[in-house]
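Colleague: I have some questions about the labels used for this model. Please go through the reasoning behind each one.

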Amino acid sequence: MEERMIASPSFYADWRHVFKLDPDRTIPDEALAAVCRSGTDAILVGGSSGVTYDNTAKLLARIRRHDTPCALELTDPENAVPGFDGYFIPMVMNARDKDWLIGHQTSAIEEFGFLLPWESVAGEAYIVLNGESTAARVSGADSAIPESRVMAYGQLADRLWRVPVVYLEYSGTFGDMSLTRKVRGGLRQARLFYGGGIRTLEQARQAGEAADTVVVGNVIYDDLEAALATVEAVKISAKEQDHVF
Ligand code: 1GP
């Protein structure tokens, strides 16, 4: 019986703030060092286009000069670079194209499942809510859905499928914090990741209050100082929450 059990991966269990780096974008060494030493809980590597084995392996090697934990969002098995602390497999709940919900993932497991370090692999149930984002275009996500449907996707992932991470993805635009709070309130076991459009301290604070884990991406490449400041803002919002009775 024992060999049938796979321990639940927990590499992400304490993450409050995460920087997402895109292997297809350029980041100088000094900026990467600042990101890694910022006090963030982890670096998440992933992107919606242009990700290859080569650019992922190169980015990992550079991140590994620092001590920061590092995980990969695996959207294509061709890019399964070994050596990350953990792997997420995204499933887009509101994809119109079923391949992005369950098709590509099944094919990948069919072909490469025997190679996957399952103890370090976690499913990520994405709900893509910015229809203009590359993630929405690639997956053909239906982002124009009512709140009730967003809540239902979250609960389906959390309760029926027991996916450990639900990810509200507003990539490129700051999202609806009231909805984010509601989605988190509807989850029983999954952790709620929020990502999208965080550029200011106030946005970071609000997202930190609404979600379990806050993902900061684009601003790293546009305004490094603003990006670095989001770490403290998210962590302070967590401390404030701990003092609310
Ligand atoms: C992207 O959710 C992340 O996948 C973060 O979004 O790039 O807009 O910060 P931004």
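**Labels and their grounds**

Modeller: Start with S143, which counts as buried because its relative accessibility is 16%, and buried means under 20%. This is a predicted model. S143 is found in the loop between α4 (134–139) and α5 (147–160).

Colleague: What makes the approach of the S143 side chain to the backbone oxygen of V128 a polar contact?

Modeller: The side chain of S143 reaches that oxygen of V128 at 3.0 Å. The limit for a polar contact is 3.5 Å, so the pair at 3.0 Å qualifies.

Colleague: Why is R162 called exposed?

Modeller: R162 has a relative accessible area of 55%. Exposed means over 50%, so R162 at 55% is exposed. R162 lies in the loop between α5 and β6 (165–169).

Colleague: What is notable about the phi of R162?

Modeller: The phi of R162 is positive, at about 55 degrees, although R162 is not a glycine. Most residues other than glycine have a negative phi.

Colleague: Is G175 buried or exposed, and how do you know?

Modeller: G175 is at 14% relative accessibility. The limit for buried is under 20%, so G175 counts as buried. G175 lies in the loop between β6 and α6 (177–185). From G175 to Q203 there are 28 residues in sequence and 9.5 Å in space, C-alpha to C-alpha.

Colleague: Why is strand β7 (residues 191–195) described as largely enclosed?

Modeller: Of its 5 residues, 5 are buried, so β7 is largely enclosed by the rest of the structure. R191, F193 and G195 point one way and L192 and Y194 the other way. In a regular strand the side chains alternate between the two faces of the sheet.

Colleague: How do you know that β6 and β7 pair?

Modeller: At least two bridges are needed for a pair, and 5 bridges join β6 to β7, so the two strands pair. They run parallel, and Y167 has F193 as its bridge partner in β7. The chain goes from β6 through α6 to β7 in a right-handed β-α-β crossover.

Colleague: What joins β7 to strand β8 (residues 213–216)?

Modeller: β7 and β8 pair in the parallel sense over 3 bridges, and F193 stands opposite T213 in β8. Helix α7 (residues 201–210) carries the chain from β7 to β8, and this β-α-β crossover is also right-handed.

Colleague: Which residues of strand β2 (residues 42–45) are buried on each side?

Modeller: A42 and L44 are buried on one side, and I43 and V45 on the other, so both faces are covered. Strand β1 (residues 17–21) pairs with β2 in the parallel sense over 4 bridges, and L21 has V45 as its bridge partner. The crossover from β1 through helix α1 (residues 29–36) to β2 is a right-handed β-α-β one. β2 also pairs in the parallel sense with strand β3 (residues 70–73), over 3 bridges.

Colleague: What makes K20 a polar contact of the ligand?

Modeller: A polar side-chain atom of K20 lies 2.7 Å from an oxygen atom of the ligand. The limit is 3.5 Å, so K20 makes a polar contact. For Y167 the distance from a side-chain N or O atom to a ligand oxygen atom is 2.7 Å, and for a polar side-chain atom of E169 it is 2.5 Å. The protein covers 93% of the 300 Å² of accessible area that the ligand has on its own.

Conventions
Residues are numbered from 1 along each chain as its sequence is written. This is a predicted model: local features need pLDDT of at least 70, side-chain atom pairs count only at pLDDT 80 or more; totals for chains, interfaces and linings use all residues. Side-chain values use heavy atoms; hydrogens and water are left out. A polar contact is a pair of N or O atoms within 3.5 Å; within protein, one must be able to donate a hydrogen and the other to accept it, and residues adjacent in sequence count only if both atoms are side-chain atoms. Accessible areas come from the Shrake-Rupley method with a 1.4 Å probe; for residues, only the protein chains shown count as cover. Buried means under 20% relative accessible area, exposed over 50%, partly exposed in between (1.4 Å probe, protein chains only). A crossover is right-handed if, with the strands pointing away from the viewer, the path from the first strand over the helix to the second runs clockwise.
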